[in-house]
Amino acid sequence: MFDDITIARKGAAQVLVLAHFKGEPLDRKSASLDASGAALAASKRTEATGEAGVVVEAFPGKSYERVFVVGLGDKTKLDAGTFRAVAAGIGRKMAAVKASTLRVDIAAPLAQTKVDAFAAGSAFGEGMGLLSWVCDVFRGKATTDPKRTKLAMQFADAEFETGVDRGLGLAESTNFARTLSQSPPNVATPDFMADQATKLARKTGMKCTVFRDDALVREKCEGLINVGKASENKPCLIRVEYTPKGGGKGKPVVLIGKTVTYDTGGLSLKINNGMVGMKRDKDGGCAVLGAMHAIATVIKPNKRVIAYLTAAENSLSDEAYRPDDVLTYRNGVTVEVTNTDAEGRLVLADALCYTCEKDNPACIIDLATLTGGVVVALGSTYAGMFCEDDKLRAQVEAAATISGERVWRLPMHTEYREMMKSPVADIINSNPNRKAHPIQGAAFLSYFVKENIPWCHLDIAGVHAVEKNAGMFIDGPTGWGVRLLAEMLDA
Ligand code: BES
Ligand code: MN
Ligand code: ZN
């Protein structure tokens with residue numbers, strides 16, 4: 001939406017932004033910032049509903065070209081989501097009227113609440129930054145370059161402004177993940193993802209290791225080797241490590257992302273339109289890499305964070321792995337393949353085994369577009385969460401509340417683990433009884449996590465992309481999880 005967003009300290013602004021609560025006109029202090037009275041009058045118009053992000057426009061005649069009066073919603077329900085919606089409403093309006101400089105003065109209404117100005121600013125920055133995501137590298141000569149303005153923002157409140165700076169940083173990390181998600185499968189191959197990780201690590205002082213070919217064999221990455229076998233784009237395991245200055249305290253936090261660069265289903269081929277959009281089957285990995293971007297550039301936690309991207313293309317050829325194959329994992333567990341379209345869990349299992357053995361993790365969080373079933377169950381409103389560790393679950397839930405990336409706990413009973421038993425090997429990768437698919441996925445993964453290590457699996461198949469152009473998102477990838485993981489590591 002914008003070419004570039006900056007925080008300005010001085011200079012004239014075209015637009016003044018004031019805010020009011022639902023059911024109330026502008027407060028007196030806010031109204032006094034527009035001597036003409038136009039803003040106060042606008043806040044009393046019927047279309048000034050005061051819903052979060054709803055903007056009405058006033059023309060004061062002098063000092064500013066326009067005043068935007070934006071709704072903050074219910075005074076008692078103000079939260080971070082309010083400020084993302086406010087930013088999106090204002091940003092969309094700025095773009096619509098082709099204005100490029102604004103001054104936000106909402107200190108007076110905020111003073112009536114208990115809201116933290118820094119946190120509010122951060123959410124505002126996120127909203128504005130996310131709204132501004134564009135990805136036109138794949139447009140060609142038949143598209144004329146859209147004209148976009150730059151956006152310079154001033155803030156009356158210094159603490160709010162500091163927050164905005166953080167939020168813009170988190171949005172940049174999220175937008176990095178979204179651009180990766182958007183990249184088509186003929187470009188965004190496993191090697192491409194490894195390249196992106198290597199470049200990011202080099203730029204931000206992290207360490208990146210890529211396991212390919214012999215290294216995959218040596219490290220017994222059975223899942224990646226088999227799922228990736230049929231494609232000319234060879235699989236790899238990408239490891240990125242953030243170490244704070246001084247080495248950091250305690251055990252590392254481990255993040256794992258399913259990075260299937262294209263999911264045809266393999267020999268258990270996807271039918272009808274089930275394949276379209278499967279370039280986004282790498283979005284767990286994109287989010288994890290985006291989170292590492294945020295960790296290295298914005299959060300800088302005082303503990304180590306290790307990321308794994310399990311990158312493979314699930315294709316088909318005469319060399320493809322097949323239903324009935326038996327795979328033997330690094331931790332000794334054998335898997336009978338019943339369905340080559342349940343490939344995500346097969347590649348994630350490699351990273352889970354490896355990290356449990358090598359990294360002594362404080363906890364593991366994996367993100368994966370794992371099942372269509374979670375989309376049926378929870379839609380695009382919540383990610384499915386599986387976490388049997390109370391402390392880790394509380395941390396993830398707290399981060400979800402801050403980031404607005406909602407999680408809903410699903411159950412993990414031993415009966416589901418029983419359901420994954422194989423008549424031939426230890427376990428099957430999918431039970432054809434079609435029951436509880438998202439839980440089957442989590443139950444499968446649990447066989448690869450050492451028992452005493454806190455672990456959280458997030459099935460993001462429903463939330464990694466949206467179909468609507470609304471709020472701070474346009475239709476396409478959301479970068480779901482980048483901000484949640486960043487907030488978790490900031491706590
Ligand atoms: N990548 C898909 C899951 C998916 C579906 C992601 C829709 C995003 C949107 C996954 O690899 C898959 O194919 N899952 C199967 C599992 C089944 C074969 C056990 C599914 O959900 O149908
Ligand atoms: Mn699949
Ligand atoms: Zn998949």
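Is C363 buried or exposed? C363 is buried, at a relative accessible area of 7%, where buried denotes under 20% relative accessible area, exposed over 50% and partly exposed in between (1.4 Å probe, protein chains only). The model shown is predicted, with local features requiring pLDDT of at least 70, side-chain atom pairs counting only at pLDDT 80 or more, and totals for chains, interfaces and linings using all residues. Residues are numbered from 1 along each chain as its sequence is written, chains are lettered from A and ligands numbered from 1 in the order in which they are written, and side-chain values use heavy atoms, with hydrogens and water left out.

**Figure 1. Cysteines C353 and C363.** A search of the whole structure yields zero disulfides, a disulfide being a pair of cysteine sulfur atoms within 2.5 Å. C353 is in no disulfide, and its nearest cysteine sulfur, that of C356, lies 7.3 Å away. C353 counts as buried because its relative accessibility is 5%. For C363, the closest cysteine sulfur is in C387, and the separation of 8.7 Å is too far for a bond.

**Figure 2. Packing of helices α11 and α15.** Helix α11 (residues 344–358) packs on helix α15 (residues 437–446) at an angle of about 30°, and their axes are 9 Å apart. Helices (H or I, at least four residues) and strands (E, at least two) are DSSP runs numbered from the N terminus; axes are lines fitted to C-alpha atoms, for helices over the stretch in contact, and angles run from 0 to 180 degrees between N-to-C directions. α11 is therefore roughly parallel to α15, given that angles under 35 degrees count as roughly parallel, over 145 as roughly antiparallel, 65 to 115 as roughly perpendicular and the rest as oblique. R345, L346, L348, A349 and L352 of α11 meet H437, Q440, G441, F444 and L445 of α15, contact meaning heavy atoms within 4.5 Å. By class, the residues of this contact of α11 with α15 comprise six nonpolar, three polar and one charged; Ala, Val, Leu, Ile, Met, Phe, Trp, Tyr, Cys and Pro count as nonpolar, Asp, Glu, Lys and Arg as charged, and the others, Gly among them, as polar.

**Figure 3. Packing of helices α13 and α16.** The axes of helix α13 (residues 390–403) and helix α16 (residues 482–490) are 8 Å apart, and the helices pack at an angle of about 120°. This angle makes α13 oblique to α16. L392, Q395, V396, A399, A400, I402 and S403 of α13 form the contact with R483, L484, E487 and M488 of α16. Seven nonpolar, two polar and two charged residues take part in the contact of α13 with α16.

**Figure 4. Helix α10 and the residue that follows.** Helix α10 (residues 283–299) is largely enclosed by the rest of the structure, because 15 of its 17 residues are buried. K300, just after α10, adopts a positive phi of about 45°.

**Figure 5. Surroundings of V333.** V333 is located in the loop between β11 (326–328) and β12 (334–336). V333 has a relative accessible area of 12% and is therefore buried. Its C-alpha atom is separated by 6.4 Å from that of D426, although the two residues are 93 residues apart along the chain. Leaving aside neighbours within four places in sequence, V333 is in contact with L327, T328, D426, I427, Y447 and F448.
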